[in-house]
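The exercises below are to be worked with the sequence and the 3D structure at hand. Each task is followed by a solution in steps.

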Amino acid sequence: MSSANHLLEALEPVVAENLDRHLGMAQEWHPHDYVPWSEGRDFAFLGGEDWAPEQSRLSETAKAAMITNLLTEDNLPSYHREIATRFGRDGAWGTWVGRWTAEENRHGIAMRDYLVVTRGVDPVELERARMDYMTSGYDSGDKTPLEAVTYVSFQELATRVSHRNTGKVTHDPVADRMLARISKDENLHMVFYRNIVAAALEIAPDETMRAIADEVIGFEMPGATMAGFRRNSMIIAKAGIYDLRLHHDDVIMPILRHWDVFDRTDLGEVGERARDELATFLEGLDTQASRFVERRAEHRARVAARADSDGTPDIAS
Ligand SMILES: [Fe+2]
Ligand SMILES: [Fe+2]
């Protein structure tokens with residue numbers, strides 16, 4: 001039996017315990033409750049009117065963030081495959097895979113219903129982007145189960161931050177409440193995975209520290225392969241919805257602290273080396289994050305000064 005399978009088996013009781021914890025904490029909620037159906041009307045196909053840009057009350061920033069987040073949620077079949085092939089379909093691992101998938105699915109349902117009913121974005125463009133992104137799918141490469149569970153610890157928290165801050169830029173209390181509700185799911189997912197990795201650190205400290213270093217250093221959002229991702233992620237970073245500062249301060253560091261990464265005394269040579277590499281990487285990330293925030297502040301100041309001098313209102317978010 002491979003060491004990956006040994007570790008999965010050793011973690012099974014922890015998975016069972018955290019599955020119970022999750023089911024105890026998770027509250028039932030329904031996507032339809034979060035959608036303002038009274039705003040809906042037919043499109044031309046049924047005798048109504050097709051979408052036009054002026055119908056949307058969302059800013060370009062809110063649109064870019066909502067589309068990126070929704071398309072990311074849409075690729076759920078790929079993520080299901082990612083975790084099902086690594087965690088398996090048996091026992092507590094298998095139950096988690098099913099439950100997690102069902103919970104994730106309602107994120108895309110709620111967001112799409114909201115955007116279509118409120119005419120927030122072009123539904124034709126949205127559907128074409130979904131077809132395109134889902135057809136190419138998502139593939140994380142040859143991650144081991146341990147690497148996958150480490151990656152998703154960070155990824156779930158990143159998604160939580162991103163949904164939460166997207167809610168704020170919509171300036172729509174309905175969207176804000178929906179995205180806050182989705183964020184709560186993402187947070188519980190993060191807690192589940194984070195607890196599994198914490199247990200893995202106890203069982204196999206060196207191997208787990210290596211996985212942590214690799215996943216932090218190579219971290220990429222699953223949406224990175226979608227069309228327009230670079231442009232949209234720049235808009236998202238400029239608006240402070242998700243940027244390097246948030247990535248470092250609110251995603252990576254809290255989880256590393258929870259795992260007690262920098263104060264552990266149980267590492268061997270492999271683990272020590274991984275931790276050193278991680279520390280060096282984090283210093284660089286912190287510097288990059290500070291530079292980005294400085295440049296953004298300068299840019300915002302320039303835009304504000306220009307708006308002041310020519311009397312046009314500042315609409316940049
Ligand atoms: Fe989600
Ligand atoms: Fe999630």
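The model is predicted.

**Exercise 1.** Decide whether H107 is buried or exposed, and do the same for E104.

Solution.
- Step 1. The relative accessibility of H107 is 0%. The cut-off for buried is under 20%, so H107 counts as buried.
- Step 2. E104 has a relative accessibility of 5% and therefore also counts as buried.
- Step 3. Helix 4 contains both E104 and H107, which are three residues apart, about one turn of the helix.

**Exercise 2.** Find the residues that coordinate the iron ion (ligand 1), and give their spacing in sequence.

Solution.
- Step 1. The donors to the iron ion (ligand 1) are two OE atoms of E73, an OE atom of E104, ND1 of H107 and an OE atom of E186, at 2.0 to 2.5 Å.
- Step 2. Along the sequence, the donor residues of the iron ion (ligand 1) have the spacing E-x30-E-x2-H-x78-E.

**Exercise 3.** Find the donors of the iron ion (ligand 2), and explain why their arrangement is irregular.

Solution.
- Step 1. E104, E156 and E186 coordinate the iron ion (ligand 2) through OE atoms, and H189 does so through ND1, at 1.8 to 2.2 Å.
- Step 2. Along the chain these donors follow E-x51-E-x29-E-x2-H.
- Step 3. The angles subtended by the four donor atoms run from 91 to 141°. A tetrahedral arrangement needs all angles between 85 and 135 degrees; the arrangement around the iron ion (ligand 2) is irregular because of its angles.

**Exercise 4.** Which residue bridges the iron ion (ligand 1) and the iron ion (ligand 2), and how far apart do the ions lie?

Solution.
- Step 1. The bridging residue is E104, and the two ions lie 3.9 Å apart.
- Step 2. E104 belongs to helix 4 (residues 91–117) and E186 to helix 7 (residues 173–203), so this pair ties together parts that are 82 residues apart in sequence.
- Step 3. E104 and E186 are both buried.

**Exercise 5.** Describe how helix 6 (residues 145–170) and helix 7 cross, and sort the residues of their contact.

Solution.
- Step 1. Two packed helices are described by the angle between their axes and the distance between the axes.
- Step 2. The axes of helix 6 and helix 7 come within 8 Å, with a crossing angle of roughly 160°.
- Step 3. This makes the two helices roughly antiparallel, since angles over 145 degrees count as such.
- Step 4. The crossing of helix 6 past helix 7 is left-handed.
- Step 5. The contact residues divide into 13 nonpolar, 10 polar and seven charged.

Technical notes
Residues are numbered from 1 along each chain as its sequence is written. Chains are lettered from A and ligands numbered from 1 in the order in which they are written. This is a predicted model: local features need pLDDT of at least 70, side-chain atom pairs count only at pLDDT 80 or more; totals for chains, interfaces and linings use all residues. Side-chain values use heavy atoms; hydrogens and water are left out. Donors are N, O and S atoms within 2.8 Å of the metal (3.2 Å for Na, K and Ca); water is not among the atoms, so sites may look incomplete. Four donors count as tetrahedral if all angles lie between 85 and 135 degrees; four count as square planar and six as octahedral if opposite donors are over 155 degrees apart and all others between 65 and 115; anything else is irregular. Helices (H or I, at least four residues) and strands (E, at least two) are DSSP runs, numbered from the N terminus. Buried means under 20% relative accessible area, exposed over 50%, partly exposed in between (1.4 Å probe, protein chains only). Axes are lines fitted to C-alpha atoms, for helices over the stretch in contact, and angles run from 0 to 180 degrees between N-to-C directions. Angles under 35 degrees count as roughly parallel, over 145 as roughly antiparallel, 65 to 115 as roughly perpendicular and the rest as oblique. A crossing is left-handed if the near helix is turned anticlockwise from the far one by less than a right angle, and right-handed if clockwise. Ala, Val, Leu, Ile, Met, Phe, Trp, Tyr, Cys and Pro count as nonpolar, Asp, Glu, Lys and Arg as charged, and the others, Gly among them, as polar.
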